[in-house]
Structure formats: C-alpha cells, structure tokens
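Hi everyone, thanks for making time today. I'd like to walk you through a structure, so please have a look at it on the screen and then we'll go through it together.

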Amino acid sequence: MAGIGPIRQDWEPVVIRKKPPTAAATKDEKAVNAARRAGGPIETIKKYNAGSNKAASSTPGLNTKKLDEETEVLAHERVSFELKKAIMQARMEKKLTQAQLAQKINEKPQIIQEYECGKAIPNQQIITKLERVLGVKLRGKK
C-alpha cells in the first residue's frame, strides 16, 4: 500500500428521504383536505360512468329489440314416428324388454324408453347399436 497516500474520510452528511407520494396517495381524502388547508391546487375530474356498470346496460334497446323480433322456433330434432315404431316392433319380435335391449347395447333403459316414446334426440351411434342388436335397418325408414 505504499504510494497510495493517506486515507481520507468524506464527512459530508447523507440525507435519506422517503419517496414522494404516489398518484393514488395524493387522491385520498386526507391528502385532499391537507391541500385545501394549505391552499394548494386541487383538481377535480368527473369520470364518465365511474364506479358503475352502466356501460354494459346503457343501450338495452339493441339486443332486446333483436330478441323481441326473433320469430324462429328453435327446437332439437326428435325421433320420428316411423323410427320409434320400428324399434318397438323389432324389440317385440326379439322378445326383449326395454331393460334387456338397453343392456345389450350398453346404454341405460331410460334411453330405450325415450326412443320408443319419441322424446330422444337421434344419436347415430345408438341407432347403429340398435340396428346391430335387433337385426333391422332403422335408418332407411326415416
């Protein structure tokens, strides 16, 4: 360390300050009241639809008008009368109950009941299973 010279110390004071308040902190009620007391500038801005959900419901007429004018009847296709009759006749010829037929095609008995009542929505996989077990062509009779 020879040749570097004497070690000196810097005795200047170091001041550590808090961060200046953020924008959110200057908007709280205490800060606004303190600024009023001190006579400082206060800026007030009215925000459009602030703190409410009016934007979503401000124009209810557009969608409701479309719904009111809608006249199309939307319903799922049901099993035809011919198909349900063909299933019932083929099952009776094989002397099977609805539960036995359902067990043979690995479905619930309720499915067979819905098909025979005409309440089921036609499923091609189930119809194929019924054709295979009953030995009757069902899809050609729609």
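**A walk along the chain**

Let's begin right after α2, where Gly 39 follows the helix with a positive phi, near 80 degrees. Please keep in mind as we go that this is a predicted model.

Staying with α2 itself for a moment: how many of the ten residues in this helix, residues 29–38, are buried? The number is zero, so helix α2 lies largely in the open.

Now let me step back to the whole fold. The chain has eight helices and zero strands, and reading along the sequence gives you the pattern α-α-α-α-α-α-α-α. Of its 142 residues, 15% count as buried. For those of you who like surface terms, the chain exposes about 12,600 Å², and carbon and sulfur atoms supply 54% of that. And for the contact-map fans: take the contacts between residues at least 6 apart in sequence, and 51% of them join residues at least 24 apart.

Back to backbone angles, then. Which residues besides glycine should you look at here? Lys 95 is one of them, with phi near 55 degrees, a positive value in a residue other than glycine. You'll find Lys 95 in the loop between α5, residues 81–93, and α6, residues 98–104. Is Lys 95 buried or exposed? Its relative accessible area is 73%, and exposed means over 50%, so Lys 95 counts as exposed.

Moving along, Asn 106 is not a glycine either, yet its phi is positive, about 60 degrees. Asn 106 sits in the loop between α6 and α7, the latter being residues 109–117. With a relative accessible area of 65%, Asn 106 is exposed.

My last stop is Glu 131, which is part of helix α8, residues 124–134. Here the accessibility goes the other way: the relative accessible area of Glu 131 is 16%, and the cut-off for buried is under 20%, so this glutamate is buried. What does the side chain of Glu 131 make a polar contact with? The partner is the side chain of Arg 139, at 2.9 Å. If you set aside the neighbours within four places in sequence, Glu 131 is in contact with Val 136, Lys 137, Leu 138 and Arg 139. So Arg 139 turns up in both descriptions, because it is a polar partner of the Glu 131 side chain and also belongs to that contact list, around a residue that is buried.

That's my tour, and I'm happy to go back to any of these spots with you.

Methods: Residues are numbered from 1 along each chain as its sequence is written. This is a predicted model: local features need pLDDT of at least 70, side-chain atom pairs count only at pLDDT 80 or more; totals for chains, interfaces and linings use all residues. Side-chain values use heavy atoms; hydrogens and water are left out. Helices (H or I, at least four residues) and strands (E, at least two) are DSSP runs, numbered from the N terminus. Buried means under 20% relative accessible area, exposed over 50%, partly exposed in between (1.4 Å probe, protein chains only). Contact means heavy atoms within 4.5 Å. Accessible areas come from the Shrake-Rupley method with a 1.4 Å probe; for residues, only the protein chains shown count as cover. A polar contact is a pair of N or O atoms within 3.5 Å; within protein, one must be able to donate a hydrogen and the other to accept it, and residues adjacent in sequence count only if both atoms are side-chain atoms.
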